[in-house]
Amino acid sequence: MHALLVHPQDETLLVGTHQGLFRSSDAGVTWKRVEPQGEVPGHDCMALAMHPQTHSRIYAGGHDLGMVRSEDFGQTWQHAAQG
């Protein structure tokens, strides 16, 4: 595990690992790998950041991952350069 984000208003957690991004909507009891949408160069997630006012907007980055973003707190991901 490299990075952890906790949603400030519910029990949703995001974890960045060598195997990719994982999401838990039940405070860590169960986890699901989040598959990126579109072409993403890798999956080694080293860092996670949450927008300070828009908590649903998340950014992730890593060695081979580049920069990806989510507008729905990690339910879906796409390369940050895409619309």
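**Two sheets, two loops and one cavity**

Modeller: Strand E8 (residues 66–70) and strand E9 (residues 77–79) run antiparallel and are joined by two bridges. The model is predicted, with local features needing pLDDT of at least 70 and side-chain atom pairs pLDDT 80 or more, while totals for chains, interfaces and linings use all residues. Residues are numbered from 1 along each chain as its sequence is written, and side-chain values use heavy atoms, leaving out hydrogens and water.

Colleague: What makes E8 and E9 a pair?

Modeller: Strands are DSSP runs of E with at least two residues, numbered from the N terminus. Two strands pair if DSSP finds at least two bridges between them. E8 and E9 are joined by two bridges, so the definition is met. Within E9, histidine 79 is the bridge partner of valine 68.

Colleague: In what order do the strands of that sheet lie?

Modeller: The order is E5-E9-E8-E7-E6, an open sheet of five strands with mixed pairing. Strand E5 (36–37) and strand E6 (47–50) are the edge strands, since each pairs on one side only.

Colleague: Which strands make up the sheet of four?

Modeller: The open sheet of four strands has the order E1-E2-E3-E4, and its pairing is antiparallel. Strand E1 (3–6) and E4 are the edges. On average, neighbouring strands of this sheet are turned by 25 degrees against each other, direction ignored; axes are lines fitted to C-alpha atoms, and angles run from 0 to 180 degrees between N-to-C directions.

Colleague: How do you know that strand E2 and E3 pair?

Modeller: Strand E2 (residues 13–17) and E3 share five bridges in the antiparallel sense. In E3, phenylalanine 22 stands opposite valine 15.

Colleague: Why is aspartate 26 called partly exposed?

Modeller: Buried means under 20% relative accessible area, exposed means over 50%, and partly exposed lies in between (1.4 Å probe, protein chains only). Aspartate 26 has 24%, so it counts as partly exposed. This aspartate is in the loop between E3 and E4. The C-alpha atoms of aspartate 26 and threonine 12 are 6.3 Å apart, although 14 residues separate the two along the chain.

Colleague: What makes the approach of aspartate 26 to valine 29 a polar contact?

Modeller: A polar contact is a pair of N or O atoms within 3.5 Å, one able to donate a hydrogen and the other to accept it; residues adjacent in sequence count only if both atoms are side-chain atoms. Here a polar side-chain atom of aspartate 26 lies 3.1 Å from the backbone nitrogen of valine 29.

Colleague: What is notable about phi in alanine 27?

Modeller: Most residues other than glycine have a negative phi. Alanine 27 has a positive phi of about 60 degrees. Alanine 27 is also in the loop between E3 and E4 and, at 44%, is partly exposed. Phenylalanine 73 too has a positive phi, near 50 degrees.

Colleague: Is phenylalanine 73 buried or exposed?

Modeller: Phenylalanine 73, in the loop between E8 and E9, has a relative accessible area of 3%, so it is buried.

Colleague: How many cavities of 30 Å³ or more are there?

Modeller: One. A cavity is a set of points on a 1 Å grid over the protein atoms alone where a 1.4 Å probe fits but cannot get out, and lining residues have an atom within 4 Å of a point. The largest cavity holds about 40 Å³. Its lining includes Leu21, Arg33 and His43. Strand E3 (20–24) and strand E4 (32–34) each give two or more residues to that lining.

Notes
1 Å grid on protein atoms, 1.4 Å probe; cavity = no way out; pocket = protein on both sides within 12 Å on 5 of 7 lines; lining within 4 Å. Points joined across faces, edges and corners; volume = space filled by probe spheres on them.
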